[in-house]
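Q: Please take a close look at the salt bridges in this model. Which residues do they join, and are those residues buried or exposed?

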Amino acid sequence: MFFDPRYLLFVALPALVLSLIAQMFVRSAYAKWGNVRNGVNMTGAQVAERILSRTNVHGVGLEGVPGQLTDHYDPRTHTVRISQANASQPSVAAMAVVAHELGHAQQHQEGSPLIQMRNFLIPAVQLSPTIGYMMIIGGLMFRVTGLFWLGIIAFGLMVVFMVLTLPVEIDASARGLRLLRESGLIAVESDYSGARAVLTAAALTYFAAAIQAVLQLLYFISLGSRRN
């Protein structure tokens, strides 16, 4: 199927273009605002502590993690892990990334329906893409229609997860910007506009991933329809 011109034209090429555009925006935004000092002159680690002390987000652990842009929120331990670069830099980009991850912590704390649905799918999504691919390919090779459509359902779980991830990430960014304002961390207007630019660029990567997953699913469904 990977040599099918329709796959290359309608799935692989659009996915590649979207991914490259998203990465370009992320790198550009992070490079620009990673070199702009935020108005309160606080590192990412200090920003996290300030938000936790002045907002309703509480009980969140803070840990350092190696690398750049490896920041993430772990719902299992209610911990925000901050990359070394962001933890030690007083940049607008670092402030934005940390606030975003604490936005996830707030989602978890408040029981956001979207993040609950996404977290519910995590165990299934860890296996469903691999199983789905195997069933789809096996169903096509051996002409077992039932196996093929079971593969579509398994792969579809991953697609639902990817689609749900987009509004979860957008909401976390919106929450992060509010947390920055609530904790008095927006000292100048460039803090807000820069943080929003960084988070908007990051959201594009999730948008590109969701579109790619949907295109793949539609392609697989079209394969099954043509075979029938």
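A: Salt bridges

Glu 63, Asp 74, Arg 76 and Arg 81 are linked in a network of salt bridges, a salt bridge being a side-chain nitrogen of Lys or Arg within 4 Å of a carboxyl oxygen of Asp or Glu. This is a predicted model, in which local features need pLDDT of at least 70 and side-chain atom pairs count only at pLDDT 80 or more, while totals for chains, interfaces and linings use all residues. Residues are numbered from 1 along each chain as its sequence is written, and side-chain values use heavy atoms, with hydrogens and water left out.

Within the network, Asp 74 pairs with Arg 76, their closest N and O atoms being 3.0 Å apart. Asp 74 also pairs with Arg 81, again with the closest N and O atoms 3.0 Å apart. Asp 74 has a relative accessible area of 5% and is therefore buried (buried means under 20% relative accessible area, exposed over 50%, partly exposed in between, with a 1.4 Å probe and protein chains only). Arg 81 is buried as well, whereas Arg 76 is exposed at 75%.

The structure holds 7 salt bridges. One of them joins Arg 118 to Glu 169, with the closest N and O atoms 3.4 Å apart. This pair links distant parts of the chain, 51 residues apart: Arg 118 lies in helix H5 (residues 113–125) and Glu 169 in helix H7 (residues 145–182). Helices are DSSP runs of H or I, at least four residues long, numbered from the N terminus. Arg 118 is buried, with a relative accessible area of 13%, and Glu 169 counts as buried at 6%.

Key: Helix = DSSP H or I, 4+ residues; strand = E, 2+ residues; numbered from the N terminus.
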